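Student: I would like to check some labels against their cut-offs. Can we take them one at a time?

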Amino acid sequence: MTYQELCKSLASRYPEREAKAVIRYLLEVGYGLSMADIISGAAESIPSDEMGKKLRRLLNGEPVQYVVGKAEFGGRIFRVTPDVLIPRPETYELCQWVKEKEREERKEERGERREERDYSILDIGTGSGCIAITLALDMPQAKVEAWDISADALTVARENAQELQAKVKFEQVDVLSSLPAHGGLGWVSIISNPPYICQKEAAEMEQHVLDHEPHQALFVPDGDPLLFYRAIANYGNKALQKNGQLFFEINPAYHQELIKMLDEMGYSEVETRKDQFGKNRMIKAKRT
């Protein structure tokens with residue numbers, strides 16, 4: 001099928017512009033074709049039965065990232081399956097904030113022999129491993145550990161770490177249950193993009209997310225939207241180094257409640273940051 005025919009085949013599911021974007025992603029990420037290859041007709045060499053299966057999945061509403069088994073995150077390609085959330089650009093903004101704060105600390109501590117410091121980072125609810133792996137690759141001086149409750153998600157994360165040659169220690173941990181103690185000096189940073197969507201918000205979500213992405217990684221009970229933040233912040237009060245920091249991706253609807261909770265738990269310098277879409281999407285807090 002030609003590129004134009006592929007785009008038209010999705011007309012019943014997507015608007016024209018979105019259909020073109022989906023097909024480009026399928027061909028570029030799934031098959032490694034450049035736009036020049038696509039224009040020159042390279043897509044026509046793909047076996048029709050193989051392409052037909054992928055198109056049927058797309059017409060069924062399955063996200064293109066799951067169809068090709070790959071998602072872009074911060075300029076890197078990560079393997080994804082329905083066992084993990086598809087990495088979002090907003091989450092990469094959280095990684096950038098962590099790196100920005102580390103650079104600021106490094107400038108302030110030029111007089112220290114920093115290589116002797118136990119600079120350790122924990123990613124809670126790692127999913128595909130996108131946060132932990134990104135930080136491990138971009139901050140090679142850090143020791144990075146990542147937790148998830150899902151064994152299947154951890155399998156995906158470990159494969160991504162191996163493929164991208166990132167040094168990350170992965171552990172299966174239920175953050176709402178017993179948490180392992182941290183040896184050494186404590187974590188410098190704890191980062192998490194935990195489940196934060198209330199069940200009552202499901203009606204406002206896109207259907208393809210509800211149908212295909214793991215609900216365990218998406219939803220919290222309506223009566224306790226801060227469930228995971230509370231558990232992680234309680235752990236942080238015990239396991240963070242002095243002046244260690246929490247970094248959260250958040251539900252904009254509850255950012256004021258989260259600020260209040262962190263303040264009441266003794267955290268300081270609580271700061272909110274907006275994402276590229278202008279929504280309150282990230283929070284940082286310091287253990288003092």
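Student: Where is serine 40 found?

Tutor: Keep in mind that this is a predicted model. Serine 40 is in the loop between helix H3 (35–39) and helix H4 (48–59).

Student: Why does serine 40 count as exposed?

Tutor: Its relative accessibility is 59%. Exposed means over 50%. Serine 40 is therefore exposed.

Student: What makes the pair of serine 40 and aspartate 37 a polar contact?

Tutor: A polar atom of the serine 40 side chain lies 2.8 Å from the backbone oxygen of aspartate 37. The cut-off is within 3.5 Å, so the pair qualifies.

Student: How far is serine 40 from glycine 52?

Tutor: Their C-alpha atoms are separated by 21 Å. Along the chain they are 12 residues apart.

Student: Now the strands. Why is strand S3 called largely enclosed?

Tutor: S3 covers residues 120–124, and five of the five are buried, so the rest of the structure largely encloses it.

Student: Which residues of S3 lie on each side?

Tutor: Ser120, Leu122 and Ile124 are on one side. Ile121 and Asp123 are on the other. Every one of these is buried, so both faces are covered.

Student: Why does the list skip every second residue?

Tutor: In a regular strand, side chains alternate between the two faces of the sheet.

Student: How do you know that S3 and S4 pair?

Tutor: Pairing needs at least two bridges. S3 and strand S4 (residues 143–148) have five, in the parallel sense. One bridge joins aspartate 123 to alanine 146 in S4.

Student: What makes S3 and S6 a pair?

Tutor: The test is again at least two bridges. S3 and strand S6 (residues 187–192) have four, also in the parallel sense. Leucine 122 stands opposite isoleucine 190 in S6.

Student: Which elements make the β-α-β unit, and what is its hand?

Tutor: S3, helix H7 (residues 130–138) and S4 make the unit, and it is right-handed.

Student: Why is serine 192 called buried?

Tutor: Its place is in strand S6. Its relative accessibility is 0%. Buried means under 20%, so serine 192 is buried.

Student: Which residues are in contact with serine 192, and what does its side chain reach?

Tutor: Leaving aside neighbours within four places in sequence, its contacts are Leu94, Ile124, Ile232, Phe247, Phe248 and Glu249. A polar atom of its side chain lies 2.8 Å from the backbone oxygen of isoleucine 124.

Student: And lysine 143: buried or exposed?

Tutor: Exposed. Lysine 143 is in S4. Its relative accessible area is 57%, against a cut-off of over 50%.

Student: How do you know that the length of H8 fits its residue count?

Tutor: Helix H8 (residues 151–164) has 14 residues. From first C-alpha to last it reaches 20 Å. The expected span is 20 Å at 1.5 Å a residue, and the two are close.

Student: Which residues of H8 are buried?

Tutor: Ala153, Leu154, Val156, Ala157, Asn160 and Ala161. Seen down the axis of H8, the buried residues fall within an arc of 160 degrees, so they line one face of the helix.

Student: Why can residues three or four places apart share a face?

Tutor: An α-helix has 3.6 residues a turn, so such residues point the same way.

Student: What covers the buried residues of H8, and what does the face turned away carry?

Tutor: The cover includes strand S2 (76–79), H7, S4 and strand S5 (168–172). The face turned away carries the exposed residues Gln162 and Glu163.

Student: What lies at the start of H8?

Tutor: A side-chain oxygen of serine 150 reaches to within 3.3 Å of the backbone nitrogen of aspartate 152.

Student: What is notable in the phi of glutamine 165?

Tutor: Phi is positive, about 60 degrees, although glutamine 165 is not a glycine. The residue is in the loop between H8 and S5. At 69% relative accessibility, glutamine 165 is exposed.

Student: Why is asparagine 243 called partly exposed?

Tutor: Its relative accessible area is 37%. That value falls between the limits of 20% and 50%, so asparagine 243 is partly exposed. Asparagine 243 is in strand S9 (residues 240–249). Its phi is positive, about 70 degrees, although it is not a glycine.

How values were computed. Residues are numbered from 1 along each chain as its sequence is written. This is a predicted model: local features need pLDDT of at least 70, side-chain atom pairs count only at pLDDT 80 or more; totals for chains, interfaces and linings use all residues. Side-chain values use heavy atoms; hydrogens and water are left out. Buried means under 20% relative accessible area, exposed over 50%, partly exposed in between (1.4 Å probe, protein chains only). A crossover is right-handed if, with the strands pointing away from the viewer, the path from the first strand over the helix to the second runs clockwise. The expected span of a helix is 1.5 Å times one less than its number of residues. The arc is that of the directions from the helix axis to the C-beta atoms. Contact means heavy atoms within 4.5 Å. A polar contact is a pair of N or O atoms within 3.5 Å; within protein, one must be able to donate a hydrogen and the other to accept it, and residues adjacent in sequence count only if both atoms are side-chain atoms.
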